[in-house]
Structures are given as C-alpha cells and as structure tokens.
Amino acid sequence: MAEATTKAVKRQSWWPLIWGLLALLLCPLLPFLDVIIPIQQTLLLLVPIVAACSIVGWKLGGRLALAVVWIAFSIWMLLQPAGEPGTQYDQMARGWAVLLSASFGLVSLWGTTTPFFSRALAAVGLAIGIGFLIALTSPSGIARFQHAAGEELTRRASAMIGKVQAGLDDPDSRAALEKFPGLESVDEQAIEVMRELPSQAATLLPALLALESLAVLAFGWGLYRRLSPVQIGPPLSQLTEFRFNDQLVWGLAVGATLCLLPAFEAGKNAGYNLLLFFGMLYLIRGIGVLAWIARGRYALIVVLGLIPQVFIVVTLALGLGDTWIDLRRRAKSG
C-alpha cells in the first residue's frame, strides 16, 4: 500500500481554493440558489469528505493525527441539525453526508492511481444506488424523500418571499419603488419564480444532489491535498484540460429518449434528471474547451456569460462536440 503513496512535489496555492470555498459556503444562502441547492449546509458534506481522504491517507502512510482531527470535526458536524431540527430533511442530509464520504473513501482505497473525476463519479453513483435501495425499502418509498425535500425547499422559498414582501411593504422601500416603478414588477416576478421553484427542484433532486456532491468532493480533494504531504491520487487537472469518458454521452441519449418518447412517459422525471446531470457535465467540459481556445484568458467566458442563452448553447455545443472532435488532443498530437 505504501508504494501507492505519492509525495507532493510542489505546494499548490491556497488562494484559488479559499475563494472557491467561500463561494461554496455562501452560494447556498443566496436568493434562488438557496432553493435549488439541496443541502444548504455545505460544510456538512465537506468535512466528512476531508475526513475520508485523511483516513485513506493514513492507510497509505500519512499522519494519524490529521485523520483523528477531521474525524472528530466530522462527528461534531454530523451532530448539528441540518435545516429544521428533527425533520426528515435533517435526517436525510446527514445520512447523505455519511453515505457520500464513505463511498468516496472506499473508491479511493480501491484505486489510488485513479483520476479524481472518475473516483467522484463512482462515489456519487455508489451513494445514489445505496440511497435508492434505502428509499425503496422504507415506508412510502421514494415519494417520502421527495416530500421531505419539497417541504425544506418550500420553507426556504417562503422565508425569502417573506423578506421580499416585507421590503415591498416597508414605507421607505415603497418611496424608492415609486421613483423606479420597474423595480416593483421585478420583485413581484421574483416572488412568482420563488413559489414555483420548490416543486420543480424537488423533482430534480437526484441530479441537483449529485452535482452538488461532485462540487463538494472536488473542494474536499483540493483541501486535503494542501493539508497533507502524503497524496492519495493525482491532482485536479486545470479547467482547460477537463474531460471525461466519452461513453457518458449515453447518459444524455437515455435522458433525451425518456423525455421525448411517449412510450417512456412513466420515466420522464428520470429523463429530466439525466439530462440535467449530464448536460451540466458537458457544459463544464465546453467551458474547458472555450478556456483552452481563449488560451486561459477568461474575459471571453465572462462576456459570453452576460448572454446566458448564447453561453449555454455555445458551451454545450463545444462540450458535446469535444466527444467526437477532440481539438485539444489533436493540437497536442499535431
């Protein structure tokens, strides 16, 4: 086992990770995002993941003290309520944190040379599979989990709607709105969107949870690599090099089939989840191709991001096209 241990040749900068961790902690608290991010307490996921990495690192010759500290921190985090104490969502969120970190730890033990993204996908797939079996064998099945998630997301949306409504009713705010009449209609539209989001997000819960889990796994992996001299796998690749197994395109194909063909009407929700999950993966791959084309100058990506429709179409086309026309690999081989 010790032969699989790799030493960090060069210390990575902390600043990109710090800014990323701040975004990871703050984004789930922002309007709209707080309704579509399943587990708002991202530390609940992050800490057990770093603990799992520390345990694997210890098995490969790392420091026991680091593993003990993160295990203790994980136990403390898991004892804290997630959302409203005592609710089904509270139990689900903490259960998923344990399931995800345990799955990632097991996958990492099985293959210490496997790239991060392959491990993360395998861990999320394993955790979802086990969670699906637990849901099937529990009273009311999957519907109970969807109901619990819907209740939590509705609670968050109601709290945000209450804040917006209080601002509309405040005399000082009313005076400002009279000067800018368009702002009131924007607030009213935001309230309508917030009312619709919880039910839609609850339907897409598996895909949203999987995407959030992948993001937290990446940050946990990066944090562990900076804390321990004993590495448990290759570093994360740069965005311009981000790619994955081309066979994953079948996930999009199956999702589109379930959504479009009337014969699979019963599996339409599963199709939407597949389209969202794999669509986001290919969108990120497309951003990587775009960053490669721009030679790491992200101004082009920022400008395109100001026009969301164009940005999504361009990056998805680049991500999917990269499956068959791998420009980056061709440029290297040429």
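In this predicted model, a nonpolar patch of about 900 Å² lies on the surface and is made by Trp14, Trp15, Ile18, Trp19, Leu22, Leu25, Leu26, Leu29 and Leu43. The element that gives the most to the nonpolar patch is helix 1, with six residues. One of the patch residues, Leu22, is placed in helix 1. Leu22 has a relative accessible area of 39% and is therefore partly exposed, since this class covers values between 20% and 50%. Helix 1 spans residues 15-26, and the loop between helix 1 and helix 2 (33-36) holds Phe32. The backbone of Phe32 has a positive phi of about 75°, although Phe32 is not a glycine. Phe32 also counts as partly exposed, because its relative accessibility is 34%.

Beneath the surface, the largest nonpolar core has 52 residues, of which Ile39, Trp96, Phe104, Leu214, Leu217, Phe277 and Leu281 touch the most other members. Two or more residues of this core are given by each of helix 1, helix 3 (42-59), helix 4, helix 5, helix 6, helix 10 (205-227), helix 11 (249-260) and helix 12 (268-293). Helix 10 supplies the largest share, ten residues. Helix 1 thus appears both among the contributors to the core and as the main contributor to the nonpolar patch.

Aromatic contacts were examined next. Ten aromatic pairs are found in a search of the whole structure. In the pair formed by Trp70 and Phe73, the ring centres are 5.7 Å apart and the planes stand at 40°, so the arrangement is tilted. Both residues belong to helix 4 (residues 64-79), where a spacing of three residues separates them by about one helical turn. The two partners differ in burial: Trp70 counts as buried because its relative accessibility is 13%, under the 20% limit, whereas Phe73, at 33%, counts as partly exposed. The pair of Phe104 and Phe116 has ring centres 6.1 Å apart and planes at 65°; an angle over 60 degrees makes this pair edge-to-face. Phe104 lies in helix 5 (residues 88-110) and Phe116 in helix 6 (residues 116-137), so the contact ties together parts that are twelve residues apart in sequence. Phe104 is buried at 0% relative accessibility, and Phe116 is buried at 8%. Phe104 is also one of the core residues that touch the most other members.

Further aromatic residues are grouped through their rings, as Phe117, Phe242, Phe244 and Tyr282 are linked into a cluster by ring pairs. Aromatic rings also face charged side chains. Arg144 is positioned over the face of Phe145, at 5.0 Å from the ring centre. Likewise, the ring of Trp292 has the charged end of Arg295 over it, 5.8 Å from its centre. Trp70 of helix 4 provides a further spatial relation: its C-alpha lies 9.2 Å from that of Ile49, although 21 residues separate Trp70 and Ile49 in sequence.

Salt bridges form another set of contacts, and 13 are found in the whole structure. Arg285 takes part in a salt bridge with Asp246 (3.1 Å, N to O). This bridge links distant parts of the chain, with Asp246 in the loop between strand 2 (230-231) and helix 11, and Arg285 in helix 12, 39 residues apart. Asp246 counts as partly exposed because its relative accessibility is 31%, while Arg285, with a relative accessible area of 1%, is buried. Arg285 is also bridged to Asp322, at 2.9 Å, N to O. Asp322 lies in helix 14 (residues 308-324) and Arg285 in helix 12, so this second bridge ties together parts that are 37 residues apart in sequence. In this bridge both partners, Arg285 and Asp322, are buried.

A separate bridge joins the side chains of Arg329 and Asp326 (3.7 Å, N to O). Asp326 is buried, because its relative accessible area of 12% is under 20%. Through shared partners, salt bridges join Glu241, Arg243, Asp326, Arg329 and Lys332 into one network.

How values were computed. Residues numbered from 1 in each chain as written. Predicted model: local features only at pLDDT ≥ 70, side-chain atom pairs only at ≥ 80, totals over all residues. Heavy atoms only, no water. Helix = DSSP H or I, 4+ residues; strand = E, 2+ residues; numbered from the N terminus. Buried < 20%, exposed > 50% of the residue type's maximum accessible area, 1.4 Å probe, protein only. Phe/Tyr/Trp six-rings, centres within 6.5 Å; stacked < 30°, edge-to-face > 60°. Lys NZ or Arg CZ within 6 Å of the ring centre and 35° of its normal. Patch = residues over 30% accessible without salt bridge, like charges linked within 9 Å, V, L, I, M, F, W, Y side chains within 5 Å. Areas by Shrake-Rupley, 256 points an atom, 1.4 Å probe, with all protein chains shown as cover. Salt bridge = Lys/Arg side-chain N within 4 Å of Asp/Glu carboxyl O. Core = buried A, V, L, I, M, F, W, Y, C linked by side-chain atoms within 4.5 Å.
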